[in-house]
Amino acid sequence: MLVRDALRRSGVGIPAGSSIFDAAAVMEASGVGALVVFDGSHLAGVVTDRDLVRRALARRLAGDARVDSVMTAPVATIEGSADLDDAYVAFRATGVRRLAVLDDAGRFSGMLSLDDLLLHLSSHLRDVTRPVAAEVRAPHHDSLLPVPG
Amino acid sequence: MQAKVGDRIVIKGHRVGEADRDCLVLEVHGPDGGPPFVVRWGDSGHESLFFPGPDCSVVAYDHVLPV
């Protein structure tokens, strides 16, 4: 499975000069907890709802403070054409909870979260537990087989 | 995904009971009508860049015009 096939949500971005108030409002309206921040066409950083709490609210920043003052940079990225196994390695290496996914031209195309990987894992777990669960519910004991001869 | 200025993008709720969200396409920045799109969010009127994923669909402007 490729990284781009594991994306489940749309990505949302804002300009670096936006206010933290605007960032919070866009998060609320779009339903996402992390926004990519663009400086022109350059992927400048990522700001999360947690960043707004820890780096803005907790420090009593004004609502018109620029979002690039609280964002995380540089951005941890992964190519959409990479195998999903590479994403596990990238999450482990970077310690972040979201990776920006880039298309073949190096442009941002979406955000891969740890939740996406958990869902991927859980679907595989369901596949392997199904035959086990079936055996528990309706055991096929050898004693039930007809005796030959 | 392709869209035109004036189209509406609907994002399905991700959890049971979560309402769908929608936004209006104001600008199309990708080639051939592709993303990213500059959108205005229905709830707040705030604008952002939007990179569509598998959770959304485009409602063409033509389709919402009164007959």
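**Two chains, one shared sheet**

Let me start with a single pair of residues: Gly13 of chain A, written Gly13(A), has Leu49(B) as its bridge partner in strand β4 of chain B. Before going on, I should say that this is a predicted model, in which local features need pLDDT of at least 70 and side-chain atom pairs count only at pLDDT 80 or more, while totals for chains, interfaces and linings use all residues. Residues are numbered from 1 along each chain as its sequence is written, and chains are lettered from A and ligands numbered from 1 in the order in which they are written.

That pair belongs to a longer match, since strand β1 of chain A (residues 11–15) and β4(B) pair in the antiparallel sense over 3 bridges. Here helices (H or I, at least four residues) and strands (E, at least two) are DSSP runs, numbered from the N terminus, and two strands pair if DSSP finds at least two bridges between them.

What order do the strands of the 8-stranded open sheet follow? The order is β3(A)-β2(A)-β1(A)-β4(B)-β3(B)-β2(B)-β1(B)-β5(B), with mixed pairing. Its edge strands, each pairing on one side only, are β3 of chain A and β5 (56–59) of chain B. Within chain B, strand β1 (residues 8–11) and strand β2 (residues 21–28) pair in the antiparallel sense over 4 bridges, and there Val10(B) stands opposite Asp22(B) in β2(B).

Turning to the contact between the chains, 19 residues come from chain A and 15 residues from chain B, where two residues are in contact if their C-beta atoms, placed from the backbone, lie within 7 Å. On the side of chain B that touches chain A, the largest share, 4 residues, comes from strand β4 (residues 47–51) of chain B.

Now to the helices, beginning with α2(A), which lies across β1, β2 (34–39) and β3 of chain A together with β2, β3 (37–41) and β4 of chain B. The largest nonpolar core has 45 residues, and among the members that touch the most others are Ala23(A), Val26(A) and Leu35(A); such a core is a set of buried Ala, Val, Leu, Ile, Met, Phe, Trp, Tyr and Cys residues joined through C-beta atoms within 7 Å. The largest share of this core, 7 residues, comes from α2(A). Leaving out residues up to four places away in sequence, Val26(A) touches residues of both chains, including Val12(A), Leu35(A), Trp41(B) and His46(B).

Which residues of helix α3 (residues 49–57) of chain A are buried? They are Asp51(A), Leu52(A) and Ala56(A), and because they cover an arc of only 100 degrees around the axis (taken from the directions from the helix axis to the C-beta atoms), they sit on the same side of α3(A). On the other side, Arg50(A), Val53(A) and Arg54(A) are exposed. A residue is buried if 20 or more other C-beta atoms lie within 10 Å of its own, exposed if 12 or fewer, and partly exposed in between, with C-beta atoms placed from the backbone. The cover over the buried residues includes α2 (20–30) and β3 (42–48) of chain A.

Finally, chain A has an open sheet of 3 strands, in the order β4-β5-β6, again with mixed pairing. Strand β5 (residues 98–102) of chain A and β6(A) pair in the antiparallel sense over 5 bridges, with Ala100(A) matched to Met111(A) and Leu99(A) to Leu112(A). Because 6 of the 6 residues of β6(A) are buried, that strand is largely enclosed by the rest of the structure.

Notes: Axes are lines fitted to C-alpha atoms, for helices over the stretch in contact, and angles run from 0 to 180 degrees between N-to-C directions.
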